[in-house]
Amino acid sequence: MSKLVIVESPAKAKTIKKYLGSGYDVVASMGHVRDLPKSRLGVDVKHDFKPKYEIIKGKEELVDKIKKAAEKSDFVYLATDPDREGEAISWHLAYILGLDPNEQNRVTFNEITKTTVQNGIKNPRTIDMKLVNAQQCRRLLDRIVGYRLSPFVSQKIRRGLSAGRVQSVAVRVICDREEEIRAFVPEEYWTIEGKFIPKGGRKAFSAQFYGNAEGKIQISDKAQADGILAELDGAEFTVADIKKGTRKKTPAPPFITSTMQQEASRKLNFQSRRTMKVAQELYEGVEIEGMGAVGIITYMRTDSLRISDDARSEGTQYILERWGEKYLPAKPYNFKTKAGAQDGHEAIRPTMPSLDPESIKDSLTPDQYKLYKLIWSRFTASLMAQCIHNTVSVDITGGGYLFKASGYTVKFDGYTVLYEESKDEDDENGGALPPLEEGMLLKVKEITGSQHFTQPPARYTEATLIKALEENGIGRPSTYATIITTVVGREYVAREGKSLKPTELGEIVNKLLKERFAKFVNLKFTAGMERNLDNIADGSKEWIETLGEFYGDFEKNLADVKKAMEGIDMKIPDEETDIVCEKCGRKMVIKTGRYGKFIACPGFPECRNIKKIVQEIDADCPVCGAKVVIKKSKRGKVFYGCSRYPECTFVSWDEPTREKCPQCGRILYKKQTKKINKLYCAEKDCGYSVNIEDSGEQAK
């Protein structure tokens, strides 16, 4: 007889099996195995919101396999992820397997290391029903809103649309910013910059016009700027005052989920979904040469800044050995977790602080290496000494006016020898100033005026949106990536570079919800509901009571809106294309159906002509010279084919480019996988191949 351990993913199962040995069988549930039905509400709103769970379609065979494994075992451990979602999965598994809900069979691992896994198995507990109920309440709230509100939105705007308790608020945040941008009226202002050369010097330094003895002067137009410039012409400039000091910069704390996603967006250009996917891999375990499968970061869904004493000690020892004692602070920093955080897990950190990224680079995929390096560097830097700047600020007078210059030099680099946090806006003052003394005369190289206009607020990026959602209490560590993926996937928001811009569809849906469901689709209400869920998780509030408080008001609001909007539609006009219908001569339009967008004749039902939307790439067919288009197999895998198919039958799994092979002159193909990123020649008699990073080339 063996003991059965049930986890969520195969990668995690493999790593844990290695640590537990032959007396244990480890299987993966592949996430949730039981959920509300897809085809109906699945919530009995008349009888205390009793959910009607069922086995998820397609997982019947997996559930049977887990049941058989449980029957053969003398004990079952439920080892799903250490959060509300994981607690609920364990509860569902216990129900399916007929386990005693009061049995101590629940184990959690904040990190997948040998010590933590073995200690977890030695210290099981019962399933925490407070966490389960918080997850159930969130799931049922989202189901009620989605199944009651989405059909109404679809009826009024366009078939197939959806609305959600949190996603709709995220769309509103993005739309509100777009309205600010449109309403913004630029205002003109001018700045004056002087470039001065100190006595005996050669290199000029810059100083900014400030004002006069009475204070700061705002320059609003060219006439005012020209007047000041005229008064400054020929004036003698003197260093009036010098202030020197030091500035200490403390390192940023280790990552929590939101800051990891923000920094990965800024530094690595990772979308939040990509960041969480890679972080999950690093947590569950990767094959490290000489070590086998090992989890190299702690659990990646957290809002706590806590780190263990052992991790601090190991990280401090690494810093001492690599950089020396002067790179350690006089006393450890005490980073405070924000008020209201769940504080269920440590901050995100390496499980082995001495395992530096370069030593395991060859065992990781490029994405894994980049994210691990970011997490490791941030954690290690958070244990290091402050960076110290020598600062100087200078007042320069001339012609009755005042200029100011400031700069700094690095006295001690401290933690910045390893890592510096990125900022959404660069507000750092310039570098060093030349040696200056009070009373020193300065030579004027030039003084110029520049026209500027105030700028509207920037559109949200993933990093700034996650920051805004977190600051307003919207969502929790596990939900940010899903929120963004959902609103983009449903075409309420589009990506423009790094920016998130609402689509016409998103703005119309937002207008309907904002005007008609203002109580529920707003920041304050959604943040309050998140606090209610936290209160359910800590046992201070009942989940059925929370659902009841919400449901009555929501249903009344929906009924009132339906009555008020009888006969009122908010349809979106179809987007016209340049494609002429060959059957009737009308210009065809883009429509959206159950399976996505397609091109159709606007003369329906008289003319039923439709076409697929074809996405071309910037490459020519190597067989006939026509355009190459992106296609998908029955299983959804992308491949490339000739736009003249079936006349030309060219197909390729790898993307053709416009690059020519330097050896034979034929076209090169781009091959990209987790571990491969290269250009190569497909001709067997050639064999040319080069890594894109190594060549410095990019396929066009």
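In the class counts used here, Ala, Val, Leu, Ile, Met, Phe, Trp, Tyr, Cys and Pro count as nonpolar, Asp, Glu, Lys and Arg as charged, and the others, Gly among them, as polar. With that in hand, here is a quick tour of the enclosed spaces in this predicted model. The structure contains two cavities of 30 Å³ or more, and their linings are described below.

**The largest cavity**
- Its volume comes to about 70 Å³.
- Phenylalanines in the lining are Phe517, Phe520, Phe525, Phe550 and Phe554, and they are joined there by Val145, Leu149, Gly164, Arg165 and Val521.
- Two helices, α5 (129-156) and α16 (543-564), each contribute at least two residues to the lining of the largest cavity.
- Sorted by class, eight of the lining residues are nonpolar, one is polar and one is charged.

**The second largest cavity**
- Here the volume is about 50 Å³.
- Around the second largest cavity you will find Ser162, Ala163, Gln167, Ser168, Val171, Arg172, Tyr492, Val509, Asn510 and Leu513.
- Helices α6 (167-183) and α14 (504-516) each provide at least two residues of this lining.
- Helix α6 gives the largest share, with four residues.
- The class split for the second largest cavity is five nonpolar, four polar and one charged.

**Charged residues in the linings**
- For the largest cavity, the one charged lining residue is Arg165, because Arg counts as charged.
- For the second largest cavity, that role falls to Arg172, again because Arg belongs to the charged class.

Conventions: Residues are numbered from 1 along each chain as its sequence is written. This is a predicted model: local features need pLDDT of at least 70, side-chain atom pairs count only at pLDDT 80 or more; totals for chains, interfaces and linings use all residues. Side-chain values use heavy atoms; hydrogens and water are left out. On a 1 Å grid over the protein atoms alone, a cavity is a set of points where a 1.4 Å probe fits but cannot get out, and a pocket is an open set with protein on both sides within 12 Å along at least five of seven lines; lining residues have an atom within 4 Å of a point. Grid points are joined across faces, edges and corners, and a volume is the space filled by probe spheres set on the points.
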